Amino acid sequence: MTMTLDETPKSGGPQEGATGAVRDIEVDRETLDASIAEFAGPNADYYAKAFHTIHDTTGWFPRTFNRAAALAGPFWAAARGAWGIFWAFLILEIIAFVQIGRGTWGELGADQLVQADRQAARAADFQTRADEAIAAGEDGTRFQTLADNLGRAAERSREAAEAAAADAQLILLTGLAMLLVLRLAQGFYANIVYEAQYSRWRVTPDAVPSGLSKRNLFLGAALGLVVIPLTVYRFTVEGVADWITEFPADPDIYSTSARWLEGVIDDAARSGAGAFDGIVLLVRRVLDAISLALIGTPWLVVMSVIIVVGWRAAGPRVAIFTAAALAYIAFLGYWEIAMETVALVGAAVVLCVIIGIPLGIWFGKSKRAYSFAEPVLDLMQTLPAFVYLIPIIAFFGTGNPPGILATIIFGMPPVIRLTALGMRGVPDTIKEAATAFGATRWQLLKDVELPLALPSIMTGVNQTILMCLSMVVIISLIGGGGLGQVILEALQFAAKGPGLLGGFAILFVAMVIDRIVQGAFRRADQR
């Protein structure tokens, strides 16, 4: 399967092929044809000639036409394993078939006819009431006017129905023309796609389909027989069966499943009450310690410390921005609840880092452990944040500690993933050299792996901080305090001003933390 190359330049000089690459070497056509025959299977001579034409064409469009692809359409692509153009052209052809069906047997204007009959019936009813009023010597002008108006509306509806029915032939011709254009496009485009597939097959023959597969043809035909008739039936026939438009779901299945889940959660909450209370107590103590440092300490001391930390960690610009942000928070009266927010986020981040970095180190060293943990991390990141609150309330109750636990679930995956990524990114040669010089496993971890993985770890910590801050508003739904409570109250009362002011306060808190952490990392990296 290797090509034999002749390094003698062509007599005509370098030639630029359809892909734009300069080809200044000649290829052994016999070896290449054998490779194409192995890839294509049936009709190998045709595909060899087509691939040579594509390779030798200097223009923007190779002049090849695949009659099998034009006749079979997407099913040729399925048989050849070109599933990308199979789905693309199948969807486009479904649109063409729908137009053909609408123009052939579709009841165009049926809705207008039903509306016209309904309007005519109401007009006849008002006409009867007008005649009865006149016969009784009363004024029937109002009923007569309504009858005349509804009669004219019925006539307009019938005219619209007739106009829609008259367009049936045009719709049919449009569908046929669209189908013809699509088949021609597939004929001209098929060899180009198949040649690109052949190029990928040369690199990874086991990963790219080749030859004419009867199994793929059967699968494509089965998909077409399911997708095309049902879709055409749905959009061209009036009064479609309910099972086509609505899944025949059984309400009893939903109620039984919901009751079973409630029972499981209630049993787990009762049996594990002691463990859950212990977790809440641990989280509360961490939160109380951080809250005492931020809220119990005089505001001037806390503000000064934060500004100095920003200056020492990230420089004078960040210190000035930090001072401005803290002044905004303080002058609007948000100081205490902002510090409560920082305490909530700080407690969540501390627990995320304490738990997440060791797990990330373990997963970075053990592929088996990471393969088991990856679905759990995917679930933690993809499950909507509001869904976390349901089991959190059931197991841990409401308030700030349960809110921190929900935040940990949402914010821990980044630090775990990026720590594991950093550990896997340490070159094996460096670890082997350290081991050869007598480093123990602890020394290898402490002095080699962790310093080299530090950029990735710090990025994970930064992402965890920001994701924990994004949960501030959500945890207020279960009794969490801080600035999230301000936003929740503003939403409840549609208070635009307080909501925006509180939102900017959350923004400034997030930016201050982010700038300090990133600035500290940059300075450490520069040193």
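## Thr 407 and its surroundings

Thr 407 is found in helix 18, and this is a good place to start a tour of the model, which is a predicted one. At 3% relative accessibility, Thr 407 counts as buried. Leaving aside residues up to four places away in sequence, Thr 407 touches Ala 348, Cys 468, Met 471 and Ile 475.

Cys 468 turns up again around another residue, Val 345. Val 345 lies in helix 15 and is buried, with a relative accessible area of 4%. With the same allowance for residues up to four places away in sequence, the contacts of Val 345 are Ile 465, Cys 468, Leu 469 and Val 472. Cys 468 is therefore a contact of both Thr 407 and Val 345, and the cut-off behind that word is heavy atoms within 4.5 Å. The C-alpha atom of Val 345 is also 9.4 Å from that of Ile 408, although the two positions lie 63 residues apart along the chain count.

## Two cysteines without a bond

How many disulfides does the structure hold? The count is 0. Cys 352 and Cys 468 show why for one pair: the sulfur of Cys 352 has its closest cysteine sulfur in Cys 468, 4.4 Å away, which is too far for a bond. The relation holds from the other side too, as the closest cysteine sulfur to that of Cys 468 is in Cys 352. A disulfide would need the two sulfur atoms within 2.5 Å.

Are these two cysteines buried or exposed? Cys 352 is buried, with a relative accessible area of 0%, and Cys 468 is buried as well, at 2%.

## Helix 12 and its neighbours

Helix 12 covers residues 273-296, and its buried residues are Phe 276, Val 280, Val 283, Leu 287, Ile 290, Ser 291 and Leu 294. Which helices do these residues pack against? The partners are helix 11 (251-271), helix 13 (299-314), helix 15 (335-365), helix 17 (385-396) and helix 18 (400-424).

Two of those partners have already appeared here: helix 15 holds Val 345, and helix 18 holds Thr 407.

## Salt bridges

A search of the whole structure finds 8 salt bridges. In general, side chains of opposite charge can pair when their charged atoms come close. One of the bridges joins Asp 267 and Arg 270, with 2.3 Å from N to O. These residues are 3 apart in helix 11, so about one helical turn separates them. Asp 267 is partly exposed at 42% relative accessible area, while Arg 270 counts as exposed at 57%.

Arg 417 and Asp 378 form another salt bridge, and their closest N and O atoms are 2.3 Å apart. Arg 417 lies in helix 18 and Asp 378 in helix 16 (residues 367-382), so this pair ties together parts that are 39 residues apart in sequence. Arg 417 is buried, with a relative accessible area of 17%, whereas Asp 378 counts as partly exposed at 34%.

Lys 446 and Asp 447 also meet through their side chains in a salt bridge, with 2.9 Å from N to O. Both ends are partly exposed: Lys 446 has a relative accessible area of 40%, and Asp 447 is at 46%. Elsewhere, Lys 365, Asp 428, Lys 431 and Glu 449 are linked in a network of salt bridges.

## A nonpolar patch on the surface

Which residues make a nonpolar surface patch of about 250 Å²? Ile 91, Leu 92 and Ile 95 do. Ile 91 is found in helix 5 (residues 83-104) and counts as exposed, at 51% relative accessibility.

## The domains

The protein chain is divided into domain 1 (29-245) and domain 2 (262-526). How many Å separate their centres, taken over C-alpha atoms? The separation of the two centres is 51 Å.

A pair of residues gives another distance to look at in the model. Leu 219 lies in helix 9 (residues 214-236) and is partly exposed, with a relative accessible area of 40%. The C-alpha atoms of Leu 219 and Ile 430 are separated by 50 Å, and the two residues are 211 apart along the chain.

Technical notes. Residues numbered from 1 in each chain as written. Predicted model: local features only at pLDDT ≥ 70, side-chain atom pairs only at ≥ 80, totals over all residues. Heavy atoms only, no water. Buried < 20%, exposed > 50% of the residue type's maximum accessible area, 1.4 Å probe, protein only. Helix = DSSP H or I, 4+ residues; strand = E, 2+ residues; numbered from the N terminus. Domains from an automatic or database assignment. Patch = residues over 30% accessible without salt bridge, like charges linked within 9 Å, V, L, I, M, F, W, Y side chains within 5 Å. Areas by Shrake-Rupley, 256 points an atom, 1.4 Å probe, with all protein chains shown as cover. Salt bridge = Lys/Arg side-chain N within 4 Å of Asp/Glu carboxyl O.
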